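Trainee: Hi, could you walk me through this protein before I head back to the bench?
Mentor: Happy to, let's have it on screen.

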Amino acid sequence: MTSHRSEGPDARPLRGLAGLAAMLLVACGGGQSPLADPSGGTPAEPWLQPVPKAQCAAGDRAETDVQGRVPLVDRVSGRSAQGYNCNLNLVGQFDNDGEGAA
């Protein structure tokens, strides 16, 4: 008779963990792909195309190079110190003047 690790009293905690893992998997959506159609239809196709360049509003200070790259001309002219924005609007502001927690 061959002894297996999955048999005997030591296997009970492992079976309990396997059952718990199965319950969590079902509770979290059954392991469905994030691309799965929630209605049960065919899975949605992932977006495989490059995202088109944003069309900034008039008056925006858009980046002039690849996103995140600050060109030397912007640093020398001081333009980068003004910050960049594209389609951003200030919707609120709170000036705490350093008094207590905000």
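Mentor: We'll take the overall make-up, then the disulfide, the pocket and two asparagines.

Trainee: Anything I should know about the model itself?
Mentor: This is a predicted model, where local features need pLDDT of at least 70 and side-chain atom pairs count only at pLDDT 80 or more, while totals for chains, interfaces and linings use all residues. Residues are numbered from 1 along each chain as its sequence is written, and side-chain values use heavy atoms, with hydrogens and water left out.

Trainee: What does the secondary structure come to?
Mentor: The protein has two helices and zero strands. Those are DSSP runs numbered from the N terminus, with helices (H or I) of at least four residues and strands (E) of at least two.

Trainee: How many of the residues count as buried?
Mentor: Of the 102 residues, 5% are buried. Buried means under 20% relative accessible area, exposed over 50%, and partly exposed in between, with a 1.4 Å probe and protein chains only.

Trainee: OK, disulfides. How many does a search of the whole structure find?
Mentor: One disulfide turns up, meaning a pair of cysteine sulfur atoms within 2.5 Å. Cys56 is joined to Cys86, with S to S at 2.0 Å. This pair links distant parts of the chain, 30 residues apart: Cys56 is in the loop between helix H1 (12–27) and helix H2 (72–77), and Cys86 is in the segment after H2.

Trainee: Why is that disulfide called left-handed?
Mentor: The torsion about the S-S bond of Cys56 and Cys86 is about -105°, so the disulfide is left-handed.

Trainee: And are the two cysteines buried or exposed?
Mentor: In between: Cys56 is partly exposed at 32% relative accessible area, and Cys86 is partly exposed at 26%.

Trainee: Switching topic, where does Asn85 sit?
Mentor: Asn85 is in the segment after H2. With 17% relative accessibility, Asn85 counts as buried. Beyond neighbours within four places in sequence, Asn85 is in contact with Asp60, Arg61 and Ala62, where contact means heavy atoms within 4.5 Å.

Trainee: What about Asn87, what is its phi?
Mentor: Asn87 has a phi near 60°, a positive value in a residue other than glycine. Most residues other than glycine have a negative phi. Asn87 is also in the segment after H2, and is partly exposed, with a relative accessible area of 43%.
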